[in-house]
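The following exercises concern the structure displayed below. Please attempt each task before reading its solution.

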Amino acid sequence: MRTVSSHTRSFRRSLETATLPLGIVVLSGCGGTAPTPTVAPPTPPLSAPSASAPSKPVVKVTLASVGLDPLAIDRSQDPCADFYQYACGNWLKTVQIPADEPAWSRSFNEIQKRNELELKRILEEAAKPGATDPVTQKLGAFYGACMDEAGADKAGVQPIRALLDRAASVKDAKSLSAVVTELHAIGITPLFDASPTQDANDATRWIANLDQNGLGLPDRDYYLRDDENSKKLLATYRDHVTRMLVLTGMPEKRAAAAAADVLALETEIAKISKTKVERRDPKTMFNSLNRPGVAKALPAFDWDGYWKGVGFPAIQDISVTAPKFFEGLQALISTTKPAVWQSYLKWQIVHDTASLLSKPFVDERFRMQQALTGQPELPPRWRRCVHATDASLGDLLAQPYVKDHFPGDSKQSAQTMVSAISAAMGSDLDALDWMDAETRTRAHEKLASLAYLVGYPEKWKAYDFPVDAKSYAQNVLRSHNYELKRELTKVGKTVDRSEWQMTAPTVNAYYDPQRNQMVFPAGIMQPPFYGINQALPVNAGAIGMVVGHELTHGFDDEGSQFDAKGNLASWWTAVASDKFKSKISCVEKQYSAYEALPGLHVNGALTLGENIADNGGLKLAFEAYRALRKDAKESVVADGMTEDQQFFLGFAQGWCSVYRPDFERMVVQTNPHSPPRFRVRGPLTNMPQFGEAFSCKVGSAMRPQNTCSVW
Ligand SMILES: [Zn+2]
């Protein structure tokens with residue numbers, strides 16, 4: 001189902017996230033289960049390296065006092081063999097993934113758990129009778145309606161009955177267009193998706209964007225792979241579609257036949273869809289077709305009726321992400337029987353709304369989720385309702401949250417960190433031996449205009465749709481309609497660069513190349529990423545790396561194609577561009593060699609941008625930390641760990657994670673982020689300062705002879 005975030009531009013890059021259909025935000029993580037046993041455990045070399053100002057007087061403190069977790073460390077592991085196992089090993093041995101989660105991490109999930117409890121407290125308070133201010137009333141009514149499980153159970157399939165009847169009315173291309181239009185207006189998006197996008201040639205301006213869509217599985221490849229695991233999942237999916245259709249009242253035999261039709265049709269849609277790797281190439285994702293071009297690609301669809309039906313008859317400027325997809329839909333619309341469209345639309349309706357309906361729908365939806373992630377239990381209703389409220393009324397919920405959870409010093413610290421990291425990038429650009437003067441000047445220009453936002457937006461969004469204390473389903477569908485209008489209203493207008501694409505309590509961060517802007521919500525400015533009591537090296541390794549990561553996205557394989565203003569315009573000389581390509585192909589090969597699960601390797605092409613950002617981010621954070629500590633009067637040693645070592649531990653401990661194997665498989669197949677243990681290993685093996693800090697021998701696993709370096 002459409003959410004606020006699904007409206008956002010294709011090339012926004014977050015630090016870390018995979019949003020599951022459940023609406024629960026999860027993070028990539030480590031599938032590493034049992035720690036690797038070591039033959040003859042070496043003594044961890046904790047001797048102080050020469051690099052950090054040996055002449056300064058030493059102050060001795062504990063690891064805990066600088067913000068590190070001594071209990072997470074497995075000192076039986078050799079940090080030069082596998083630093084992730086060293087930094088996280090004991091945590092990995094003891095952590096239990098909660099039954100209602102597909103994965104768990106020491107940072108993202110732990111922070112999110114705290115945030116959820118706080119948001120729950122706010123919402124429970126708001127839902128009590130007697131609230132007088134309109135913000136509290138609206139939050140309370142929405143959350144209260146969501147928590148009314150008995151009401152949802154009583155309503156059964158009723159909230160979508162009229163929609164299912166509309167689906168049953170499809171008899172030709174015209175009626176298909178009409179029903180698709182009506183569904184899009186309430187956030188159910190079969191076939192394709194319409195949203196605004198910044199004009200690739202003029203980033204100050206919004207135009208409309210049409211994207212491929214309409215599959216029930218997480219990616220087109222799920223329909224087209226033929227390994228045993230994929231075949232099993234497809235069989236589960238077919239059974240799931242059948243059961244869902246039965247729940248809507250369809251007789252079992254008919255539902256089974258309809259599910260077969262749905263699977264066959266979605267497989268055809270998958271075949272005409274771009275792959276995730278193809279979608280990482282900005283040059284091919286912006287195709288200005290405009291109204292006549294779209295009508296020519298897909299004449300069977302009533303486009304005039306569509307734009308009128310969603311409320312924007314005047315839209316003219318349209319970019320299409322995949323012109324071949326729309327041409328392919330033309331063939332599908334012309335040849336697919338109306339009865340198959342009816343089944344497909346019914347399925348899409350129930351697929352997108354199941355979480356709003358009675359328990360049998362919720363449970364069946366979760367059964368499919370379970371097959372994809374291995375998660376044993378459905379999250380409790382309150383968690384689902386906290387997320388639903390964040391998705392529908394995010395900026396209302398954020399207001400009481402930031403009042404208590406975003407102390408002013410966080411903003412100041414983030415500013416200091418951003419300035420130090422930008423300065424590090426500036427020196428880095430000057431030192432790069434592979435970049436020519438002309439490209440270097442342009443890179444400096446882009447860096448100088450790179451903006452950042454911290455904490456929460458200047459203006460809160462409004463939510464001018466009625467919230468009914470009795471109908472959760474209706475509230476969500478209204479919210480989707482309101483968001484579609486909020487988004488499409490932008491078309492033809494100037495881009496507001498102060499607008500946020502994540503809510504303030506979100507534990508994440510992002511870079512948007514079309515605004516050349518990075519954003520750090522209040523939610524992530526917490527321990528272990530950032531803490532006022534954490535020592536500077538630890539904060540730099542954790543939140544500093546996050547800042548460096550987002551900044552580097554401006555210069556990764558995608559971001560580097562956008563200029564300082566956010567236009568898709570090359571600023572590279574041919575020579576520099578060739579050198580850059582050879583540098584990044586080293587990173588692609590490095591990560592493709594990582595085996596996540598037996599026989600399943602990290603997709604170096606899919607994860608390239610994130611890996612470049614991780615490598616650049618860690619390097620910049622290290623340089624920034626060194627610069628910020630340059631004039632320190634003393635050198636702090638924490639339980640034998642030097643400041644450099646604290647930096648690397650602060651970084652690695654932020655990524656301690658454990659994944660259920662099914663979930664890890666899904667993440668590796670669909671998510672642009674590498675699993676966390678590789679997000680630690682990859683950048684550290686490329687950084688000589690790490691090997692020096694831990695006195696690793698050249699040629700050891702963590703200090704290989706051959707390394708990759710881009711920024
Ligand atoms: Zn990222």
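Two definitions are needed at the outset: contact means heavy atoms within 4.5 Å. Axes are lines fitted to C-alpha atoms, for helices over the stretch in contact, and angles run from 0 to 180 degrees between N-to-C directions. Helices (H or I, at least four residues) and strands (E, at least two) are DSSP runs, numbered from the N terminus. The model is predicted: local features need pLDDT of at least 70, side-chain atom pairs count only at pLDDT 80 or more, and totals for chains, interfaces and linings use all residues. Residues are numbered from 1 along each chain as its sequence is written, and side-chain values use heavy atoms, with hydrogens and water left out.

**Exercise 1. The sheet**

Determine in which order the four strands form the open sheet, and which strands are at its edges.

*Solution.*

Step 1. Two strands pair if DSSP finds at least two bridges between them. Strands of a sheet pair through backbone hydrogen bonds, either parallel or antiparallel.

Step 2. Strand S1 and strand S11 (residues 510–512) run antiparallel and are joined by two bridges; Arg13 has Tyr511 as its bridge partner in S11.

Step 3. S11 is joined to S12 by three bridges, again in the antiparallel sense, and Tyr510 stands opposite Val519 in S12. These two strands form a hairpin with four residues between them, and Asn516 in the turn has a positive phi of about 45 degrees.

Step 4. S10 and S12 are parallel and share five bridges, with Gln517 in S12 as the bridge partner of Ala451.

Step 5. The order is therefore S1-S11-S12-S10, with mixed pairing. The edge strands, S1 (13–14) and S10 (451–455), each pair on one side only.

**Exercise 2. The covering of a strand**

State which residues of S12 are buried on each side, and which helix lies across S12.

*Solution.*

Step 1. Buried means under 20% relative accessible area, exposed over 50%, and partly exposed in between (1.4 Å probe, protein chains only).

Step 2. Five of the five residues of S12 are buried. Gln517, Val519 and Pro521 are on one side, while Met518 and Phe520 are on the other.

Step 3. Helix H21 (residues 536–553) lies across S1, S11 and S12 (517–521), and runs at about 150 degrees to S12.

**Exercise 3. Salt bridges**

Describe where the partners of the salt bridges Lys359–Asp363, Asp428–Lys619 and Glu499–Arg515 are located.

*Solution.*

Step 1. A salt bridge is a side-chain nitrogen of Lys or Arg within 4 Å of a carboxyl oxygen of Asp or Glu. By this rule the count is 38.

Step 2. Lys359 and Asp363 meet at 2.7 Å, N to O. They are four residues apart in helix H16 (residues 359–373), and are thus separated by about one helical turn. Lys359 is partly exposed at 43% relative accessible area, as is Asp363 at 33%.

Step 3. In the Asp428–Lys619 pair, the closest N and O atoms are 3.4 Å apart. This pair links distant parts of the chain, with Asp428 in helix H18 (residues 408–431) and Lys619 in helix H23 (residues 608–629), 191 residues apart. Asp428 is buried, at 7%.

Step 4. Glu499 and Arg515 meet at 3.7 Å, N to O. Glu499 is in the loop between helix H20 (472–488) and S11, and Arg515 is in the loop between S11 and S12. Glu499 is buried at 14% relative accessibility, and Arg515 is buried at 0%. Salt bridges with shared partners join Glu487, Lys490, Glu499, Asp512 and Arg515 into one network.
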